[in-house]
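Please find below a note on the model under review. The sequence and structure are shown first.

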There are 2 protein chains.
Amino acid sequence: MTRTLLDAVLVALAEPTRRQLLDLLAERGEASASTLAQALPVTRQAVVKHLAVLDDAGLVSSRRAGREVRYRTRPERLAAAARDLSELATAWETRLATIKRLAEEEEGV
Amino acid sequence: MTRTLLDAVLVALAEPTRRQLLDLLAERGEASASTLAQALPVTRQAVVKHLAVLDDAGLVSSRRAGREVRYRTRPERLAAAARDLSELATAWETRLATIKRLAEEEEGV
DNA sequence: ACCATGTGCAACTCTGTAGTTGCACACAGC
DNA sequence: GCTGTGTGCAACTACAGAGTTGCACATGGT
C-alpha cells in the first residue's frame, strides 16, 4: 500500500491555496515562487511553504535555473492518487454488495 | 464543475481519523458512533464530529434505527471524487504536452 | 565592485479544528 | 414507573499549520 503517499497527496490537496498554486503551475507550465506569489494574495514565503508540501506529496518538482527555482506539476502522481481512491471506492462497493447479499440470504431462511 | 463538492471530499479525506472511520465502516457495513468510538482512541463526540464532516462531503450516510444512528459508506461519491482527480491529472498532462511541443518548435526556428 | 532580484532560514502571531468534559434528552427493556 | 444505553448540544482546551516579518546569503547584469 502506498498509504503514506496517498495521505500526503490528500493533505496537500485539502488546501485551497495549494490547489490554486497547482492551477497556476498547470497553466504556466513552469514558474518560480516569487512569480506565483504575485498572482496570489499571500507572500512569497507562504507560497514557498505550500510548494514544499506539494513537493513532499510528489505533486510538483523543482529545478534551479540560475538564481531562481522553477516548479512544475507532476501529473503522474495525481493520476496515481486518483487511481488509489478509485480502488478504495471499488473495495467499498464490493464490501457493501457482500453485506447486502448476506442480509438477503438470512432473510430467505 | 463540482468543485465545491470535491473540495469537501478532499478536506474530509485529509484527516487520518476520518479515513480510519471510513475503513471501519467499509469493514462493518454499518455502525453507530458509539460503537465506532470503542475501536478508536477518541471519544464518541469526536467520532460524531468526524462523521458530520464525512456526511457533508457525501462520503457517508446515516439512518435512525431505534435509539441509535447507523452510518454507512457511499462508494459512488468516492468514485466520483476519484474521477474528478483523474480528469484534473489528464488536463495537466495535456497542458504539459502542449508546452513541450511549443518549446521544441521554437528550438527548431 | 556594485546593485537588483531571487532564494533560504528563523521566530513570531493567529485562526481553525481536533478533542475533551459535562449535562440534558430520547428510547428500549424490565 | 424506573434504569441502561445511545444520542444531541454547548463550552472549553490545546495544538497544528497558514501566514507574516526581518534579515542573511546567492546569483546575474552593468
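The numbered points below take up the basis of the model, its symmetry, selected helices and residues, and the two DNA strands.

1. Basis. The model is predicted, with local features requiring pLDDT of at least 70 and side-chain atom pairs counting only at pLDDT 80 or more, while totals for chains, interfaces and linings use all residues. Residues are numbered from 1 along each chain as its sequence is written, chains are lettered from A and ligands numbered from 1 in the order in which they are written, and side-chain values use heavy atoms, with hydrogens and water left out.

2. Relation of the two chains. A turn of 180 degrees with a shift of 0.0 Å along the axis lays chain B on chain A with an RMSD of 0.1 Å; the superposition is by least squares on the C-alpha atoms of residues with pLDDT of at least 70 in both copies. The two copies are thus related as by a two-fold rotation axis. Within chain B, Ala82(B) has the C-alpha nearest the axis, at 2.4 Å. The same surface serves both copies, in that 100% of the contact residues of chain B recur in chain A (contact: heavy atoms within 4.5 Å).

3. Helix H4 of chain B. Helices (H or I, at least four residues) and strands (E, at least two) are DSSP runs numbered from the N terminus. H4(B) comprises the 13 residues 44-56, and its end C-alpha atoms are 18 Å apart, in agreement with the 18 Å that it should span at 1.5 Å a residue (the expected span is 1.5 Å times one less than the number of residues). Buried residues in H4(B) are Val47(B), His50(B), Leu51(B) and Leu54(B), where buried means under 20% relative accessible area, exposed over 50%, and partly exposed in between (1.4 Å probe, protein chains only). These buried residues lie on the same side of H4(B), because they cover an arc of only 100 degrees around the axis; the arc is that of the directions from the helix axis to the C-beta atoms. An α-helix has 3.6 residues a turn, so residues three or four places apart point the same way. Exposed Lys49(B) and Asp56(B) are carried on the face turned away from the buried side of H4(B). Gly58(B), with a positive phi near 80 degrees, follows H4(B).

4. Helix H2 of chain A. H2(A) also has 13 residues, and the distance from its first C-alpha to its last is 18 Å, close to the 18 Å expected at 1.5 Å a residue. Its buried residues are Thr17(A), Arg18(A), Arg19(A), Leu21(A), Leu22(A), Leu24(A), Leu25(A) and Ala26(A). At the start of H2(A), a side-chain oxygen of Glu15(A) comes within 3.2 Å of the backbone nitrogen of Thr17(A). Gly29(A) follows H2(A) and has a positive phi, near 85 degrees.

5. Leu59(A). Where is this residue placed? Leu59(A) lies in the loop between H4 and strand E2 (60-65) of chain A. Leu59(A) counts as buried because its relative accessibility is 0%. Beyond its neighbours within four places in sequence, its contacts include Val9(A), Leu22(A), Leu54(A), Leu78(A) and, from chain B, Trp92(B).

6. DNA strand D. Strand D is surrounded by 22 residues, of which Thr43(A), Lys49(A), His50(A), Ser34(B) and Gln45(B) are the closest (near: a residue heavy atom within 4 Å). Sugar and phosphate make up 50% of the strand D atoms that come within 4 Å of the protein. A base oxygen is 2.6 Å from a side-chain N or O atom of Lys49(A), and a base nitrogen is 2.6 Å from a side-chain N or O atom of Gln45(B). A backbone N or O atom of Val69(B) is 3.1 Å from a phosphate oxygen of strand D. H4(A) gives the most to the surface near strand D, with four residues.

7. DNA strand C. Ser34(A), Gln45(A), Thr43(B), Lys49(B) and His50(B) come nearest among the 22 residues around strand C. Of the strand C atoms within 4 Å of the protein, 51% belong to sugar or phosphate and the rest to bases. A polar side-chain atom of His50(B) lies 2.3 Å from a phosphate oxygen of strand C, and a side-chain N or O atom of Arg67(B) is 3.5 Å from a base oxygen. H4(B) supplies the largest share of the surface near strand C, four residues.

How values were computed. A polar contact is a pair of N or O atoms within 3.5 Å; within protein, one must be able to donate a hydrogen and the other to accept it, and residues adjacent in sequence count only if both atoms are side-chain atoms.
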